Amino acid sequence: MLQKKTHRPRSAVHSIVIAYFIVIFIVTVLLVLPISLKPGATLSFMDSLFIAASAVSVTGLTTVNTADTFSHFGTVVLMIAFQLGGIGVMAMGSFYWILFGKPIGLSQRKLMMIDQNRYHLSGMVQLMKLIIGMTLLFEGIGAILFGFYFYFRGYYASLATALYHGLFHSVSSYTNAGFDLFGNSLLDYSNDVYVQLITMLLIVLGAIGFPVLAEVKEYLFGGHKKFRFTLYTKVTTTTFAILLLLGAAGVCITEGSNYFAGMPWYEMVLHSVFTSVTSRSAGLATMNPADMTEASQLLVSMLMFIGASPSSMGGGVRTTTVAIIVLMIITFMRGEEEIRVFGRSVRRDDIIRSFVYFMTGLLLSVIGVFIILISESHRINLVSVIFEICSAFGTCGLSTGITSDLSGVSKLTLIVLMYIGRIGMTLFLTTFTPTKAKADVHYPEEKLIIG
């Protein structure tokens, strides 16, 4: 007697992974349509796929000039892709459910929880409302500030054009997408303090992490007499600030006799701080990475590899991962076993995950470097390849200018890394976890010689 085959329900992790694939495919198809392109502009399917993956993963790497290639319809598609990728596909899905007054069930809440890299179902709907509300607020204010400034400074003759460019730049900055309609990123605004300061503020708001913004809001407007920030917020903000300062100082040192030669100190500081901020996940540039020294390129590569905070618009191995690894090294050097920070102890599971995520990201990046070096027949120098790989994995978007000249294999490699960088290490590694529970078997322990 034949038994009827039973199909196991798809796990929430697999559903999210597939959802991002579907969104990238839809954006790819939309971008290759004639309505998305300017008259005379052409776009191959591979380039469309690359740009779609870059937009949904809010990376910013592109094989064509966005301003010269895409029409208004195409740039609107890109902005929608930024929102879907930055906020999260599941969060945007919940927005439509909330908009039409439909109840959000347990399965939808679980998808949102996993997509946002959270551990608890409680408060997910309120968090989604807050994320979407803050996104609309910050992007709206940014669009107004940029739009009217562009118009009154004479950058654009038409107010409508100035506001549209302001909206695109605001969305691209807050979502850390790194795309631009200026033609050469922010190189034309390298001496414009106003544009750089507002851009940096939006980038930081998008990269610091939604839970941090939620706690700051609660602290300012919640009416609590004694509000205590969580360990996550304390570690995240501290690590974010330290990396920003170290990155800026590093750029000052490595470019002091090169890019900054003969430049006033205040311009040097502004360029250094902006580069440190944008290299964490945004990809908008006031300095051409190709003109930097190799020391600067390696420094920026490290910052891009680290990326932004968890549950934010950015990618990479994330700030908390690096923070825990550094704290573990310090703890080991002191002869201690328990990480203590801000009056709290870090869980052993989080320590293990941090090392696994960091080493997995490093391994994927090294594999990517090997693939590109081989596929390009070693015609591109190693530092440029490392820079491009870290930019893709960290969903940053900075480039030394080699992207458009890469082969199909190299572009696919970057697409895969951008995709993994967007969904994060948790989702990527959990995808391979078997659904069938394994027997809880413990074997005898035996010591190994280490180090």
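Student: By class, how many nonpolar, polar and charged residues does the lining of the second largest cavity have?

Tutor: In this predicted model, the second largest cavity holds about 30 Å³ of space, and its lining includes Thr 275, Leu 284, Met 287, Pro 289 and Leu 398. Sorted by class, that lining has six nonpolar, three polar and no charged residues.

Student: Which element gives the most to the lining of the largest cavity?

Tutor: The largest cavity, with a volume of about 40 Å³, is lined by Tyr 20, Ile 24, Ala 53, Val 56, Ser 57, Met 418, Tyr 419 and Arg 422. The elements that give two or more residues to this lining are helix H1 (12–32), helix H2 (45–56) and H17. With three residues, the element that gives the most is H17.

Student: How do the residues of that lining divide into nonpolar, polar and charged, given that Ser 57 and Arg 422 line the largest cavity?

Tutor: Ser counts as polar and Arg as charged, whereas Ala, Val, Ile, Met and Tyr count as nonpolar. Applied to the lining of the largest cavity, this gives six nonpolar, one polar and one charged.

Student: Which helix gives the most residues to the largest nonpolar core?

Tutor: The largest nonpolar core has 71 residues, and those that touch the most other members are Val 27, Leu 31, Ile 51, Phe 70, Leu 78 and Phe 82. The helix that gives the most to this core, with ten residues, is H17 (residues 408–430).

Student: Leaving aside its neighbours within four places in sequence, which residues is Leu 78 in contact with?

Tutor: Leu 78 belongs to the largest nonpolar core, where it is one of the residues that touch the most other members. Contact here requires heavy atoms within 4.5 Å, and with neighbours within four places in sequence left aside, the partners of Leu 78 are Leu 31, Ile 51, Ala 55, Thr 66, Phe 70 and Phe 168.

Student: How many residues are in the other core that lies apart from it?

Tutor: Apart from the largest nonpolar core lies another, which has among its members Ala 162, Tyr 189, Leu 213 and Leu 244. The number of residues in this other core is 37.

Student: Of the residues that line the second largest pocket, which are the closest to its centre?

Tutor: The second largest pocket contains about 560 Å³ of space, and its lining divides into ten nonpolar, 17 polar and one charged. Of the 28 lining residues, the closest to the centre of the pocket are Thr 62, Asp 180, Ser 185, Gly 397 and Ser 399.

Terms used:
Residues numbered from 1 in each chain as written. Predicted model: local features only at pLDDT ≥ 70, side-chain atom pairs only at ≥ 80, totals over all residues. Heavy atoms only, no water. 1 Å grid on protein atoms, 1.4 Å probe; cavity = no way out; pocket = protein on both sides within 12 Å on 5 of 7 lines; lining within 4 Å. Points joined across faces, edges and corners; volume = space filled by probe spheres on them. Core = buried A, V, L, I, M, F, W, Y, C linked by side-chain atoms within 4.5 Å. Buried < 20%, exposed > 50% of the residue type's maximum accessible area, 1.4 Å probe, protein only. Helix = DSSP H or I, 4+ residues; strand = E, 2+ residues; numbered from the N terminus.
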